[in-house]
Amino acid sequence: MDRPRLKAHFTAQVIDGSKVFLLADGQHYRVQAEGAGKLLPYLDGRHTVAEIAAGLSGELPLTRTLTAIRKFAAFGVLADGRPDWPDGTLAFWDAQGIDPVRARSALERAEFTVVACGDADAGPVEGVLREHGLRVRTRTVEEEAAGPAGELTVVVTGDYLDPALDRLNAAYLAAEHPWALVKPSGITLWVGPVLRPGRTGCWACLAQRLAGNRQVERYLAGKRGGGMPYHPARESVPAGPSVAGGLLAVELARIAAGQDDGSIARSCLDGRMTTVDLRSLGTMEHTVIRLPQCRACGDPALISERSPKVMLSARDARHVTDGGYRIEPPARTYARLEKHISPLIGAVTRLHTFADEDNGVTYSFTAGHNFAMIGDNMDLLRRNLRGQSGGKGRTEIQARVSALCEAIERYSGVWRGEEPVTEAAYADLDPAVAVHPESLLHFSDGQYAGRDEWNKDPAHRLHLVPERFRTDLPVDWSPAWSLTEGRERLVPSGYAWYGHPDLERHFYCVGDSNGNASGNSIEEAVLQGFCELVERDAVALWWYNRARRPAFDLDSLRDPYVDTVREFYQGMDRDIWLLDITTDLGIPAFVGVSHRMGHPVEDVIVGFGAHLDPRIAAIRTLTEVNQFLPSVERRDEQGNTLYLDDDVATLAWWKETRLAEQPWLVPDPAQRPRTLADHALAGGDDLAADVETCVNRAAAAGIEVVVLDQSRPDLELSVVRVIAPGMRHFWRRLGPGRLYDVPVTLGWIPRPCAEDELNPVSVFF
């Protein structure tokens with residue numbers, strides 16, 4: 001270092017001549033050396049080391065001077081030389097850790113292009129960039145589409161879904177040219193992302209997520225005949241271009257100066273955008289996810305031509321909690337997936353706690369999911385806008401991850417027209433290959449006959465009865481994999497995917513999430529999905545037959561968490577218990593029930609759980625009861641419940657259900673309570689072996705297990721739809737089969753119920 005200089009962003013204060021405190025934003029150093037204070041005036045970048053030594057020779061020996069300089073240098077607070085820049089500018093580059101001399105040289109060489117897209121006015125942004133010392137030229141969309149110019153192009157737009165951006169994206173991908181987007185108008189300003197072909201996602205990747213989150217705009221675009229849900233901002237104030245352009249200018253200057261050769265360096269805006277809310281002055285960062293299957297920068301065949309075969313590999317379940325058998329702890333899963341949360345470009349639009357406050361016991365989270373609209377369906381639009389995924393757990397992180405993964409699971413199950421299908425009438429397919437919808441839906445003849453009148457009641461929104469499936473009408477069939485038989489099967493796409501267009505012309509089923517599951521691996525997801533089928537099948541057999549079942553002894557778990565939960569419920573004047581509803585499959589399944597004591601309105605809440613591990617099944621059941629608690633825990637001054645849900649059927653259940661009138665909700669006193677010892681642990685060492693155990697138990701009951709892989713290459717999560725023809729949904733499906741036969745075989749009830757003897761109250765969620 002020839003001419004040492006104290007970096008300009010530091011303020012120096014000298015104590016006792018030998019102690020120098022250096023203060024900067026987020027940085028504090030103490031340099032202690034004899035004569036350190038006397039050295040400071042010479043550290044201006046204009047004096048050589050020899051000149052400094054000579055200037056201090058009358059006060060400090062040479063060795064002391066050199067030692068003091070080395071002490072400063074050791075902290076990294078010195079630079080070499082002083083360019084002719086204002087102090088503030090010099091301090092800025094020093095604070096970035098970038099040599100100001102190199103920065104000036106790079107900025108003199110770099111030239112940026114500014115393009116106005118659509119009706120946007122690029123002038124104010126261009127002016128701000130020039131004010132920051134950047135060399136800028138303007139071009140039109142047509143000129144840029146013919147061949148980009150400059151080191152990096154800034155595209156100013158009123159909406160990131162402007163159709164013209166598709167042309168620019170194609171040109172920039174072909175030329176491998178980096179570019180940045182900025183929206184300086186609107187109540188919320190958007191700055192970035194910087195898009196770099198081959199290194200970040202492209203505009204088409206961003207647009208896919210952004211369009212999916214504009215559900216109302218997509219609906220309206222469909223009414224107009226299709227196209228992007230383009231919605232340019234109308235609001236504009238002078239502060240918009242000043243703030244957005246200023247932030248972008250700082251970043252462009254930084255990335256231009258970041259490399260010796262003058263090429264564009266990496267940026268904190270690479271694949272990321274920052275939004276500034278002018279109402280709250282809040283900022284938010286959003287990650288652009290690169291889609292490997294992107295039509296513009298990826299390979300769509302990753303989805304359109306993927307094999308339906310599901311290959312399972314041996315995996316240890318190292319993390320065993322109420323979340324199930326997992327190969328990694330929930331905190332690591334959350335860290336990997338958090339980037340997918342964004343209200344603008346996330347697969348998950350939001351994630352927040354369901355309760356008003358953290359009570360340290362009952363953790364419940366909700367997550368909004370990107371649920372792209374397919375077709376012209378106002379009812380589906382309403383349901384999507386209100387839709388949310390839920391997560392529960394005995395810890396906050398488990399509940400948070402549960403909600404996040406369920407939202408990604410729902411997102412992955414949306415039909416987008418990319419998936420491989422076979423279009424054919426069932427009558428033209430091999431019945432040994434195609435799965436008939438009736439083996440999945442289980443509606444009775446009586447339900448089909450009375451569907452028109454039944455469907456008019458808003459209380460039946462979850463229990464709509466569709467049209468009877470037509471075997472002569474061509475529909476889409478999705479290839480799936482039978483784990484039972486080790487071969488390909490075809491399942492109806494309208495049943496397997498959310499929002500499939502077949503249901504607009506032939507409403508043969510209602511899309512639902514039964515058997516949809518996610519996991520850190522395909523084995524995790526399949527096990528989770530099958531356990532959900534077991535849970536809902538067991539609930540249906542118990543609920544609609546109103547079968548009396550024994551209690552499950554929570555004390556047998558010997559878990560302090562159980563005692564904490566029970567004490568918490570007692571403090572709210574509530575009781576809580578578990579019923580054992582394990583079926584012929586031998587996989588532990590439980591129901592949790594809680595009611596308000598000493599009040600005419602009992603606010604009965606229920607939760608369910610099933611798993612190979614009875615301990616996990618029981619704790620999962622408790623946490624699901626906890627998930628519903630926030631909906632009924634708030635009370636007014638008179639002690640009346642302030643409900644958080646306005647669904648007709650749900651409110652009727654909470655307000656009208658009385659345990660004295662519904663004895664099937666309480667333990668059967670004639671049966672011995674079941675304990676942990678009554679359920680053998682069947683799994684945990686190897687997830688693939690656990691799945692095989694489930695498949696074998698299903699086969700012993702005459703049930704096939706079919707898996708449709710819905711995983712997406714852009715999401716680090718395996719998602720499947722597990723389908724088991726013959727097993728029952730807990731929604732109101734009253735056709736013949738297990739619902740009538742198995743409870744009798746198990747001795748739950750003495751004889752099969754007639755359809756009109758079944759529970760008239762349907763599961764309300």
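Reader: I'm looking at Arg416, so which ring does its charged end sit over?
Author: In this predicted model, the charged end of Arg416 sits over the ring of Tyr411, at 4.2 Å from the centre of that ring.

Reader: And what about Arg721, which residue's face does that one lie over?
Author: Arg721 lies over the face of Tyr495, and the distance to the ring centre is 4.6 Å.

Reader: Tyr411 seems to be in a helix; how does the span of helix 15 work out?
Author: Helix 15 covers residues 396-412, and at 1.5 Å a residue its 17 residues should span 24 Å, which agrees with the 24 Å between its end C-alpha atoms. Of those 17 residues, 13 are buried, so helix 15 is largely enclosed by the rest of the structure.

Reader: What does the UniProt record say about residues 391-765?
Author: The unreviewed UniProt entry carries the annotation "domain: YcaO" for residues 391-765. In the model, the chain over residues 391-765 is 32% helix and 15% strand, and the end C-alpha atoms of that stretch are 14 Å apart.

Reader: Changing topic a bit, how many aromatic pairs does the structure hold?
Author: The structure holds 24 aromatic pairs. One of them is formed by Phe608 and Phe765, whose ring centres are 5.6 Å apart and whose planes are at 15°, so this pair is stacked.

Reader: Where do Phe608 and Phe765 lie?
Author: Phe608 lies in strand 25, which is made of residues 605-610, while Phe765 is in the segment after helix 26 (738-745), so the pair ties together parts that are 157 residues apart in sequence.

Reader: Phe608 first then: buried or exposed?
Author: Phe608 is buried, with a relative accessible area of 0%, whereas its partner Phe765 counts as partly exposed at 22% relative accessibility.

Reader: Which residues do ring pairs link into a cluster with those two?
Author: The cluster linked by ring pairs consists of Trp542, Trp543, Phe608, Phe628, Trp653, Trp664, Phe730, Phe764 and Phe765.

Reader: Phe628 is at the end of helix 23, I think, so how do the numbers for helix 23 compare?
Author: Helix 23 runs over residues 614-628, and at 1.5 Å a residue its 15 residues should span 21 Å; the end C-alpha atoms are 22 Å apart, which agrees. As 14 of the 15 residues are buried, helix 23 is largely enclosed by the rest of the structure.

Reader: What happens at the start of helix 23?
Author: There, a side-chain oxygen of Asp613 reaches to within 2.9 Å of the backbone nitrogen of Arg615.

Reader: Okay, strands now: which strand does strand 17 pair with?
Author: Strand 17 pairs with strand 16 (residues 363-369) in the antiparallel sense, over 5 bridges, and within that pairing Ala367 stands opposite Ser389 of strand 17.

Reader: Why is strand 17 called largely enclosed?
Author: Strand 17 is made of residues 389-393, and 5 of its 5 residues are buried, so the rest of the structure largely encloses it. Both of its faces are covered, with Ser389, Gly391 and Gly393 buried on one side and Gly390 and Lys392 buried on the other.

Reader: And how many bridges join strand 8 to strand 9?
Author: Strand 8 and strand 9 run parallel and are joined by 4 bridges, with Val155 having Leu181 in strand 9 as its bridge partner. Strand 9 is covered on both faces too, since Trp179, Leu181 and Lys183 on one side and Ala180 and Val182 on the other are all buried.

Reader: What comes after strand 8, and where does Asp159 fit?
Author: Asp159 is in the loop between strand 8 (152-156) and helix 8 (164-175), and at 1% relative accessibility Asp159 counts as buried.

Reader: Which groups does the side chain of Asp159 reach?
Author: The side chain of Asp159 makes a polar contact with the side chain of Arg214 at 2.8 Å, and the side chain of Asp159 also reaches the backbone nitrogen of His231 at 2.5 Å.

Reader: Last one, how many helices and strands are there in the protein chain?
Author: The secondary structure of the protein chain comes to 26 helices and 27 strands. Buried residues make up 55% of its 765 residues, and its C-alpha atoms fill a box of roughly 110 × 60 × 55 Å along the principal axes.

Definitions and conventions
Residues are numbered from 1 along each chain as its sequence is written. This is a predicted model: local features need pLDDT of at least 70, side-chain atom pairs count only at pLDDT 80 or more; totals for chains, interfaces and linings use all residues. Side-chain values use heavy atoms; hydrogens and water are left out. UniProt positions are given in the numbering used here, feature names are shortened, and annotations may be inferred rather than shown by experiment. Helices (H or I, at least four residues) and strands (E, at least two) are DSSP runs, numbered from the N terminus. Rings of Phe, Tyr and Trp (its six-membered ring) pair if their centres lie within 6.5 Å; planes under 30 degrees apart count as stacked, over 60 as edge-to-face and the rest as tilted. Buried means under 20% relative accessible area, exposed over 50%, partly exposed in between (1.4 Å probe, protein chains only). A charge sits over a ring if NZ of Lys or CZ of Arg is within 6 Å of the ring centre and within 35 degrees of the ring normal. The expected span of a helix is 1.5 Å times one less than its number of residues. Two strands pair if DSSP finds at least two bridges between them. A polar contact is a pair of N or O atoms within 3.5 Å; within protein, one must be able to donate a hydrogen and the other to accept it, and residues adjacent in sequence count only if both atoms are side-chain atoms.
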